[in-house]
Amino acid sequence: MASNSSKLALVLLLATLACSQAELGQLKETTMTVYFQDWSGGPNPTMIPITGVSHGEWSFRKFGTVFCTDDPITEGLNATSAEVARGQGMYVTSALDGSNTHVLISIVFTNEEYGGSTLEIQGASRQFERIREVSVVAGTGKFRFARGYATFETVYLDMSSAYSVIESNITILHY
Ligand SMILES: *[C@@H]1O[C@H](CO)[C@@H](O)[C@H](O)[C@H]1NC(C)=O
Ligand SMILES: *[C@@H]1O[C@H](CO)[C@@H](O)[C@H](O)[C@H]1NC(C)=O
């Protein structure tokens with residue numbers, strides 16, 4: 001027959017298990033459409049090559065080129081629409097023929113709804129395809145345990161000012 005103290009220990013253990021399950025809550029699905037405002041040239045670039053093959057050209061097409069970025073992310077296509085986040089991180093041209101870039105960026109939310117939370121986007125992007133898909137591998141704050149995918153399409157391009165707008169649909173499961 002179990003003693004009172006071991007019964008108590010069992011009750012406490014079950015209570016702890018129930019508690020930690022309740023904290024995680026229900027798995028939720030969130031989708032959003034946002035726009036990356038990207039200036040890869042001009043006086044205030046938000047995307048710059050920081051290193052590459054020595055004595056070689058540093059460009060999106062050249063294997064080994066590393067870019068650092070801090071793009072404003074807005075809720076609408078126009079750069080004047082409300083900022084919801086920043087896209088901060090790096091891109092590395094990772095295919096020998098220049099066709100893929102390895103994306104390593106955090107979406108750092110700055111708006112009221114998700115401010116303080118982040119999403120991590122990582123993976124190969126077929127950078128010259130019309131629609132690119134990259135995985136969402138993690139998140140913080142409101143997006144803890146996030147996983148999912150994001151699609152990207154360049155919806156506006158002004159070559160003369162090296163300005164482009166990239167639409168992104170993000171679909172994630174998180175707690
Ligand atoms: C944003 O709006 C301004 C003012 O209406 C316009 O001149 C500009 O072309 C728009 N930008 C894009 C990317 O549509
Ligand atoms: C985002 O979703 C909208 C609505 O389904 C679609 O029209 C658009 O092409 C999608 N864009 C991307 C980059 O996936």
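This passage describes the largest pocket of a predicted model and the surroundings of its two ligands. Local features are given only where pLDDT is at least 70 and side-chain atom pairs only at pLDDT 80 or more, whereas totals for chains, interfaces and linings use all residues. Residues are numbered from 1 along each chain as its sequence is written, chains are lettered from A and ligands numbered from 1 in the order in which they are written, and side-chain values use heavy atoms, without hydrogens and water.

The largest pocket (an open set of points on a 1 Å grid over the protein atoms alone, where a 1.4 Å probe fits, with protein on both sides within 12 Å along at least five of seven lines) holds about 750 Å³ of space, a volume being the space filled by probe spheres set on points joined across faces, edges and corners. Its lining, made of residues with an atom within 4 Å of a point, comprises 27 residues, and F60, Q127, R132, T154 and S164 lie nearest the centre. Among the strands (DSSP runs of E, at least two residues, numbered from the N terminus), β1, β5, β7, β8 and β9 each give two or more residues to this lining.

Around ligand 1 stand L77, N78 and Y156, each with a heavy atom within 4 Å of the ligand. A polar side-chain atom of N78 is 2.2 Å from an oxygen atom of ligand 1.

Ligand 2 is surrounded by T151, F152, E153, E167 and N169, and β8 contributes the most to this shell, with 3 residues. Oxygen atoms of ligand 2 lie 2.6 Å from a side-chain N or O atom of T151 and 2.3 Å from a polar side-chain atom of N169, while a nitrogen atom of ligand 2 lies 2.8 Å from a polar side-chain atom of E167.

Notes: Helices (H or I, at least four residues) and strands (E, at least two) are DSSP runs, numbered from the N terminus. A polar contact is a pair of N or O atoms within 3.5 Å; within protein, one must be able to donate a hydrogen and the other to accept it, and residues adjacent in sequence count only if both atoms are side-chain atoms.
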